[in-house]
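Colleague: I'm a first-year student and still learning to read these pictures. Could you pick out one part for me and go through it slowly?

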Amino acid sequence: MSGKKKDKVPAFGKSVKAFTREVFRPYRGQMVIYAFLVTFSVIFTLTTILSVADFLKILFQSPDSAAETIDNQYQLNYWLNRFYTWLMSFGQKNALWLFSLILCSQYFLKNIFNYLSNLKISVLRFRIIGDLRARMYRKMLQLPLSYFGTSRKGDILYINKNIRAPIYS
């Protein structure tokens, strides 16, 4: 095998991993964009959920106990508590208004990123399905006529119609 060239393996003899790489290779950049959009959607979802409870806790505490929550700088919530205390320096009513604006903007950004990620994945699905169908069509054109005489027509139609099933699962 050292001096011989490897023969090109036909499409039906490839492993699933190699086939998947070949099919998804043209869409790598778009998949990275999709992952970016989903990540930001999850981040904004978590920040809206987690920030409401913490802010309400600080909002309805006395000013002395709110200052005590910031003493330990090594806590994970240090910067959030510091930010909430800074909001409280504007007074409870103004802090509530500011936090409401921040919360609405977080929900808005979460929904924008969620919408864009759903849009991106649906476009990717349809393009991949179109490529797989075109590939299947090219393969069927290369098959000899004897294949169509010996195989059942329902098998061919079933494969062609259900080519999108792995994409949606």
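Colleague: Here is the part I'd like to hear about. Which residues does helix 5 (residues 92-142) hold, Ser 117 among them, and what does Ser 117 touch away from its neighbours in sequence?

Modeller: Happy to, and keep in mind that this is a predicted model. Let's get our bearings before we zoom in. The chain has 8 helices and 0 strands, so if you read along from the N terminus, the elements go α-α-α-α-α-α-α-α. Of the 169 residues in the chain, 21% are buried. Take the contacts between residues at least 6 apart in sequence: 74% of them join residues at least 24 apart. Helix 5 gives us some nice examples of contacts to look at.

Start with Ser 117, which sits in helix 5 (residues 92-142). Its relative accessibility is 2%, and buried means under 20%, so Ser 117 counts as buried. What does it touch? Leaving out residues up to four places away in sequence, Ser 117 touches Tyr 34, Leu 37 and Val 38.

Now go over to the other side of that contact. Tyr 34 belongs to helix 2 (residues 28-59). With 27% relative accessibility, Tyr 34 counts as partly exposed. Setting aside neighbours within four places in sequence, Tyr 34 is in contact with Ser 117, Lys 120 and Ile 121. Look at the Lys 120 pair for a moment: Tyr 34 and Lys 120 are 86 residues apart in sequence, yet their C-alpha atoms are 6.2 Å apart in space.

Slide back along helix 5 to Gln 106, which is also placed in that helix. Gln 106 has a relative accessible area of 14%, which is under the 20% cut-off, and therefore it is buried. Its touches, again not counting residues up to four places away in sequence, are Phe 44, Thr 47, Thr 48 and Ser 51.

Next, have a look at Ile 112, another residue of helix 5. Ile 112 is partly exposed, with a relative accessible area of 34%. It helps make a nonpolar surface patch of about 600 Å², together with Phe 108, Leu 109, Tyr 115, Leu 116, Leu 119 and Val 123. Why can Ile 112 be part of a patch? Patch residues need over 30% relative accessible area, and Ile 112 passes because it has 34%. For the bigger picture, the chain exposes about 13000 Å², with carbon and sulfur atoms supplying 65% of it.

Then there's Arg 135. Side chains of opposite charge can pair when their charged atoms come close. Here the side chains of Glu 22 and Arg 135 meet in a salt bridge, at 2.5 Å from N to O. This pair links distant parts of the chain, with Glu 22 in helix 1 and Arg 135 in helix 5, 113 residues apart. Both partners are partly exposed: Glu 22 has 31% relative accessibility, and Arg 135 has 22%. The count for the model comes to 1 salt bridge.

Since we've landed on helix 1, one last stop. Arg 21 is in helix 1 (residues 16-24) and is partly exposed, with a relative accessible area of 47%. On the surface, Arg 21 gathers with Lys 17, Arg 25 and Arg 28 in a patch of positive charge.

How values were computed:
Residues are numbered from 1 along each chain as its sequence is written. This is a predicted model: local features need pLDDT of at least 70, side-chain atom pairs count only at pLDDT 80 or more; totals for chains, interfaces and linings use all residues. Side-chain values use heavy atoms; hydrogens and water are left out. Patches are made of residues with over 30% relative accessible area and no salt bridge: like charges are joined within 9 Å, nonpolar side chains (Val, Leu, Ile, Met, Phe, Trp, Tyr) within 5 Å. Accessible areas come from the Shrake-Rupley method with a 1.4 Å probe; for residues, only the protein chains shown count as cover. A salt bridge is a side-chain nitrogen of Lys or Arg within 4 Å of a carboxyl oxygen of Asp or Glu. Lys and Arg count as positive and Asp and Glu as negative; His and the chain ends are not counted. The place of a charge is taken as NZ of Lys, CZ of Arg, CG of Asp or CD of Glu. Helices (H or I, at least four residues) and strands (E, at least two) are DSSP runs, numbered from the N terminus. Buried means under 20% relative accessible area, exposed over 50%, partly exposed in between (1.4 Å probe, protein chains only). Contact means heavy atoms within 4.5 Å.
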